[in-house]
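Here are a few exercises to work through with the model open beside you. Take them one at a time, and try each before reading its solution.

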Amino acid sequence: MALPDILKDSLSVPVIGAPLFIISHPDLVLAQCKAGVVGSFPALNARPAEQLDEWLAQITEELASYKAANPDKKVAPFAVNQIVHKSNNRLEHDLQMCVKYKVPIVITSLGAVPEVNEAVHSYGGIVLHDIINNRHANSAIRKGADGLIAVAAGAGGHAGTLSPFALIQEIRQWFDGPLLLSGSIANGGAVLAAQAMGADAAYIGSPFIATDEARAMQEYKDAIAEYNANDIVYTNLFTGVHGNYLKPSIENAGMDPDNLPESDPSAMNFASGGNTDAKAWKDIWGCGQGIGAIDKVQPTADFVAKLVREYEEAKARITAA
């Protein structure tokens, strides 16, 4: 078990920031990378499609300048998330942009496509594929992914239902490559726990919504700091794929979060934002169960510094035990 070479000696704490639909954009990505965690964003966040070229140029150039001016700092690479489901009619264009800028890490979701992996490998990039069960994990590696993101119960947005212990144990029976864990990880102790159970790093999303740089409305950020695990609803209504959402945002949209209908999975509508009048991600706020550990909105650098401190304190407690 080991981090990919691209991540060795570049992280202040073993964390990759998950790509947040609508919310992640260059300001957040750059703040994450400069703080020493991988920043990422969904390619679909750049709208119109031509804006992706601008974003990648900005991120690539600014990170290179920052690294040159701060040679002693941990500066992480960045990642772009590609939705490879058939509903994404931008995939070919967006993948070409990743090749053009030699994006270091591509995170693939909702399908495993060998041609995508081959395109990223053509310039030396790596592909991490997110999965919710062992069968999908096996398929992703067979089709050429370099590593896996195990999305366990409690993760924000599209999430699985398996315990992180069960999911990591099953994958590690056959796979010794890069493995990240997602699901309710919101402090440094949880990052260390992810490593203790067999992951190489943690994959953190919801806590970064409550940062100054996140492109989310203030009410959304405040809700992350105010609510806890009891306020999360798991449903497939909004995109056709099961995911976790903040209960208050469902109520604000005029729906009963305790009596939501099931959606037809064949009508999966991720790329356009939802299957109801209340749009997923914009009106209905994706969120993981770990938000009880978040009590304020703060700069990304401050949150990462807190993760680093908690991570080191957790290691010290175990050493002293």
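Two strands count as paired if DSSP finds at least two bridges between them. Keep that cut-off in mind, and note that this is a predicted model.

**Exercise 1.** Find the strands that pair with β6, and say in which sense they do so.

*Solution.* Start with strand β8 (residues 179-182): β6 and β8 are joined by four bridges in the parallel sense. Within this pairing, Ala150 has Leu181 of β8 as its bridge partner. Next, take strand β5 (residues 126-131), which also pairs with β6 in the parallel sense over four bridges. Here Asp130 lies opposite Ile149 of β6. Finally, follow the chain from β5 to β6: the path runs through helix α5 (residues 134-142), and this β-α-β crossover is right-handed.

**Exercise 2.** Work out why strand β6 is largely enclosed by the rest of the structure.

*Solution.* First sort the side chains by direction: Gly147, Ile149 and Val151 point one way, while Leu148 and Ala150 point the other. In a regular strand, side chains alternate between the two faces of the sheet. Then check burial, with under 20% relative accessible area as the cut-off. Five of the five residues of β6 (residues 147-151) are buried, so the strand is largely enclosed.

**Exercise 3.** In the open sheet of three strands, identify the edges.

*Solution.* Begin with the order, β7-β11-β10, in which the pairing is antiparallel. β7 (157-158) and β10 (232-235) each have a single partner strand, so one side of each lacks a neighbour in the sheet, and these two are the edges. To locate the β7 pairing with β11, look for His158, whose bridge partner is Gly243.

Definitions and conventions
Residues are numbered from 1 along each chain as its sequence is written. This is a predicted model: local features need pLDDT of at least 70, side-chain atom pairs count only at pLDDT 80 or more; totals for chains, interfaces and linings use all residues. Side-chain values use heavy atoms; hydrogens and water are left out. Buried means under 20% relative accessible area, exposed over 50%, partly exposed in between (1.4 Å probe, protein chains only). A crossover is right-handed if, with the strands pointing away from the viewer, the path from the first strand over the helix to the second runs clockwise.
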